[in-house]
Amino acid sequence: MADDASKTDDPSFPSAATVEAETSPLEEIAPPKTDSPPARVEDLLPGELVIYPLGGRPFFPGMLTPIQVEGSPYYDTIKYALGSPGKMFGIVLSHAEDGDEVFEANQLYRFGAVARIMEAAINDEDKQIKLLAEGISRFEIMEIIKPGPPIVARVVHHDKLSLNLDLDALKPYTMAVISALKEILKFDSLYQEQVKMFLSRHNFGEPDRLADFVASMTSSKREELQEVLETLNIRERLEKVLALLKKELEMVKLQDKISRQVEEGISKNQRQFFLREQLKEIQKELGITKDDRTADMERFRDRLVKLNLSEEPKKRIEEELDKLSILETGSSEYGVTRNYVDWLTSLPWGVHTKDKLDISRARQVLNKDHDALSDVKERILEFLAVGKLKGEIGGSIILLVGPPGVGKTSIGRSVARAVGRKFFRFSVGGMRDEAEIKGHRRTYVGAMPGKMIQALRRTEAANPIIMLDEVDKIGASYHGDPASALLEVLDPEQNSEFLDHYLDVRFDLSKILFICTANQLDTIPQPLLDRMEVIRLSGYITEEKIKIARNHLIPKQYEKNGMQYSQLRISNDAVRVIVDGYAREAGVRRLEQKIAAIVRKAAVKILEENAPIPIRVGKDQVETFLGKPGFRDEQPLHGIGVVTGLAWTAMGGATLDVEAITPGGEKPGLTLTGTLGDVMKESAHIALSYVTSNGASLGADPKILTHHPVHLHVPEGATPKDGPSAGITMATAMLSLARNQPINRRLAMTGELTLTGQVLAVGGIREKVIAARRVGIRELIMPEACRKNYEEVPDHIREGFTVHFVQKYPQVAKLVFDS
């Protein structure tokens, strides 16, 4: 496709200025004159024209356009036109996309414009022609004489129709177009040059030429412009042009608005920048302020005065300050060095808070913050007492282990308040990157120190209490093993020279008191566990939960929800119902949620239903506020082959019924159901082997178990269960089946069984005792090795229990079946 007006920048083109006369100022744009138009050349127009297909936008009469053609067929087309009378040819818009070559006449629109070649530069050797063409008049293709290339057509010229125009009738339309054109000129100066060129060859007294010129000046679509070219009636043409001009005006206004907004934003920012720079210079001349480097250096040195630095960090800081003094403030190295020195000088080198090792005060703080947990509080007081005798409590690591919601984190805060130290807590649960502990190396973009150094900067003391939450859920990945990184942090033999990757300077962590929390010990690496002093927090019994709710949870929810005691009263009986029916977990988190739900519903009743105040919530009203209870009373099962055991879970203790039957058949074997883990399955096989081999001495008929299949089931089959503590429970269920004798009283048992009948120790004794108390069982059988653990259970929990301690299974059988 031939090139169009985009080629005007080529200096070899004939200049439009050669045909441009002296222009009139834009301010002198006048209404159209009513005298007759100048003489036309329509009578000289040929009836046959060679057609030049045009891409892009249509060509209008009265326009000047440079054209450059190279090679056939367009070279032949222009050569044909140069040899014709008047050097005229037709320019017609094609349906093809801009840039595509057109060789067929059916790809052309019917209407086009006659162009006269005004100047031309020909290079026959390269078949290249550069020319300047002027639009004369519009025409319509009536017949294709030669399909080309070049294309030759018989045409009809239509601009003869405009020779006798009624200018007075068209004057309102012309004035409207000129008015809109003036509006556009106010916003865009680029249009002014085009208007000057038009005025050099025409005037606004020619409405047909005015319509064509204004249409060609707009940025309308090619189809809309072609429609204007094909409109022969001058009034209709002016109407269409006026519509296009209005759209153009709206677009120009929007462009101007956007440009002004951008310029205003840039101007405002530039103005503020210059004012700030001027203010800096003025302040510098008056001695009021200093440049950025001087201000940074003075701030860092002021910090150093307050620190007690050892030789290594002092030397490093001085080196970095010397480097900072010679770097350009705008360089990236300056920013990296400045941040590094900022961290070094922000750390509490040698800054320690004084411990308040008053045991009486510490006891008051712990009792005020926590009800129950008397054994845990005594352990903490013992720890503080030893620290007072030593003169310090640094270098210690306490691990609080217990179910969710029993107060592990809050106890850590209470210890910090009792000792008078700063407190910092962060969770290591799910942490998979070693750099979170030991920092990133400074070679990385956005590098930062690890959590330990961040904690020291935040607390502004070298001996805070740092709580590491959820250490049993720490992870590992290709980024490193954070648990291994914690070994250096928590080892008293190593943490006095802890090396953070970012600082690259050793810092003494030995004065920090670390308090860690976990729900279980199994997932904590043994080397890490060896460095900790374990304090277990078991679950709460009902009486303890009621006391906690009364002293802590209810007041907390009242304050949180804007409730007054005079508006809502929750009785102890209601709290007991909530504990037994809705919140049986070891902790009190669910209990707090249920109390919060009651407070919120009471608020709705007060505000919307105008309920009488105070609203009283007793045991009979709990279901109204909370719906049906989520738990039912645990009733131990009874019958032959049914025994109640005790189990420990991460949520606390629980009772566990074990059932055994012989379903019939001659093929012996053991079937296990109830989602049992591998260890529990092994315990079942051990129990079966022991009872069948010792059945006679235990008063049973072994043939029942050896000649028939045995099915052992642990109810609540969807709940996974594992561990060895149900060993004697499973053996007792099978013995009951073999003796055909049920257990006639309510008792529960726990203990691991061996093939020789030994009863070994198990864990979670406190939780198991609490579970038995909850369901009303007061007689227990435990391993003799657990006597010490039982005696450590608080007296108010052990009250009313009869506990039998056994070493071998025959003792269990005698207690169960012969008592």
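Helix faces, a surface patch and salt bridges

In helix 14, which spans residues 451-459, the buried residues are Met-452, Ile-453, Ala-455, Leu-456 and Thr-459. Around the helix axis these residues cover an arc of only 155 degrees, and they therefore lie on the same side of helix 14. The residue that follows helix 14 is Glu-460, which has a positive phi, near 60 degrees. The model described here, and in the paragraphs below, is a predicted one.

Helix 10, formed by residues 359-369, was examined in the same way. Its buried residues are Ala-362, Val-365 and Leu-366. The arc that they cover around the axis is only 95 degrees, so they are placed on the same side of helix 10. Gln-364 and Lys-368, on the other side of helix 10, are exposed. The cover over the buried residues of helix 10 includes helix 11 (374-390) and helix 12 (408-419). At the N-terminal end, helix 10 is capped by Asp-358. A side-chain oxygen of Asp-358 lies 3.1 Å from the backbone nitrogen of Ser-360.

A nonpolar patch was found on the surface, with an area of about 350 Å². Leu-254, Ile-258, Val-262 and Ile-266 make up this patch. Of these residues, Ile-258 is found in helix 6, which covers residues 234-286. The relative accessible area of Ile-258 is 44%, and the residue is thus partly exposed, since the partly exposed class lies between 20% and 50%.

Charged pairs were considered next. Side chains of opposite charge can pair when their charged atoms come close. The structure holds 30 salt bridges. One of them is formed by Lys-247 and Glu-224, whose closest N and O atoms are 3.1 Å apart. This pair links distant parts of the chain, with Lys-247 in helix 6 and Glu-224 in helix 5 (residues 222-230), 23 residues apart. Glu-224 counts as partly exposed, at 24% relative accessibility.

A salt bridge is also present between Asp-469 and Arg-425, where the closest N and O atoms are 2.6 Å apart. Because Asp-469 lies in strand 9 (residues 465-469) and Arg-425 in strand 8 (residues 423-427), the pair ties together parts that are 44 residues apart in sequence. The two partners fall into separate accessibility classes: Asp-469 is buried, with a relative accessible area of 4%, whereas Arg-425 counts as partly exposed at 36% relative accessibility.

The side chains of Arg-576 and Glu-543 likewise meet in a salt bridge, with an N to O distance of 3.7 Å. Arg-576 belongs to helix 18 (residues 572-581) and Glu-543 to helix 17 (residues 542-561), so this pair ties together parts that are 33 residues apart in sequence. Arg-576 counts as partly exposed at 34% relative accessibility, and Glu-543 counts as partly exposed at 44%. Elsewhere, Arg-138, Asp-212 and Arg-237 are joined into one network by salt bridges that share partners.

Notes
Residues numbered from 1 in each chain as written. Predicted model: local features only at pLDDT ≥ 70, side-chain atom pairs only at ≥ 80, totals over all residues. Heavy atoms only, no water. Buried < 20%, exposed > 50% of the residue type's maximum accessible area, 1.4 Å probe, protein only. Helix = DSSP H or I, 4+ residues; strand = E, 2+ residues; numbered from the N terminus. Arc of directions from axis to C-beta. Contact = heavy atoms within 4.5 Å. Polar contact = N/O pair within 3.5 Å; in protein donor to acceptor, adjacent residues only side chain to side chain. Patch = residues over 30% accessible without salt bridge, like charges linked within 9 Å, V, L, I, M, F, W, Y side chains within 5 Å. Areas by Shrake-Rupley, 256 points an atom, 1.4 Å probe, with all protein chains shown as cover. Salt bridge = Lys/Arg side-chain N within 4 Å of Asp/Glu carboxyl O.
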